[in-house]
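Trainee: Could you take one part of this model and walk me through it closely? I'd like to see how it fits in with its surroundings.

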Amino acid sequence: MTRVRIKRVYEAPAPDDGCRVLVDKLWPRGVRKEALQYDLWARDIAPSAGLRSWYHADPAGRWQEFRRRYTEELRGSQAVRDFVREIAGAGTVTLLYASKNAVENHALILQEFLQRAAEGVTAV
């Protein structure tokens, strides 16, 4: 079974990271492309530009609704279904994100969604 973890892009890579996947729509600020150790940039499974902009207008007040809306985007996404198939059988997948907020960010929602999909709980 695939284990899905998350980590900020600014943290050093670790030997147990497994497949490192950047899951932000935009390239992280201050990071040179050749400096980031990653295996895949899965920008198509990040929140849509519209949803991201809506959320960033009031992160504290919109977190729960953002969570619901992003989960709906994930459920309807062919890119997510393809990604789930791609990581099937991988021991560990580490989702890389740039957000400063480690408690409320899209990578947490994506991690939960993918973990459920890997366990066969979420129909993707």
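**A close look at helix α4**

Mentor: Let's take α4, which has 13 residues and reaches 18 Å from its first C-alpha to its last, close to the 18 Å expected at 1.5 Å a residue (the expected span is 1.5 Å times one less than the number of residues). Helices here are DSSP runs of H or I with at least four residues, strands are runs of E with at least two, and both are numbered from the N terminus.

Before going on, the ground rules: this is a predicted model, where local features need pLDDT of at least 70 and side-chain atom pairs count only at pLDDT 80 or more, while totals for chains, interfaces and linings use all residues. Residues are numbered from 1 along each chain as its sequence is written, and side-chain values use heavy atoms, with hydrogens and water left out.

At the N-terminal end of α4, Asn-105 acts as a cap, with a side-chain oxygen 2.9 Å from the backbone nitrogen of Ala-107. The helix is mostly covered, with ten of its 13 residues buried (under 20% relative accessible area; exposed is over 50%, partly exposed in between, with a 1.4 Å probe and protein chains only). Among the buried ones are His-106, Ala-107, Leu-110, Gln-111 and Leu-114. The buried residues of α4 pack against β1 (3-8), α2, α3 and β4.

That brings us to the largest nonpolar core, which has 24 residues (a core being a set of buried Ala, Val, Leu, Ile, Met, Phe, Trp, Tyr and Cys residues joined through side-chain atoms within 4.5 Å). Phe-83, Leu-95, Leu-110 and Leu-114 have the most contacts inside it. α1 (49-56), α2 (59-75), α3 (78-87), β4 (92-97) and α4 (106-118) each supply at least two residues, and α4 gives the most, with six.

Leu-95 is a handy link back to the helix: not counting residues up to four places away in sequence, Leu-95 touches Ala-107, Leu-110, Gln-111 and Leu-114, and its other partners include Val-4, Ile-6 and Phe-83 (contact means heavy atoms within 4.5 Å). Apart from this core lies another, of seven residues, among them Leu-22, Val-31, Leu-36 and Leu-96.

Now follow β4 itself. Four bridges join β4 to β2 (residues 19-22), and the two run parallel (strands pair if DSSP finds at least two bridges between them). Cys-19 has Val-93 as its bridge partner in β4. Thr-92 is also found in β4, and counts as buried because its relative accessibility is 18%.

Terms used:
Polar contact = N/O pair within 3.5 Å; in protein donor to acceptor, adjacent residues only side chain to side chain.
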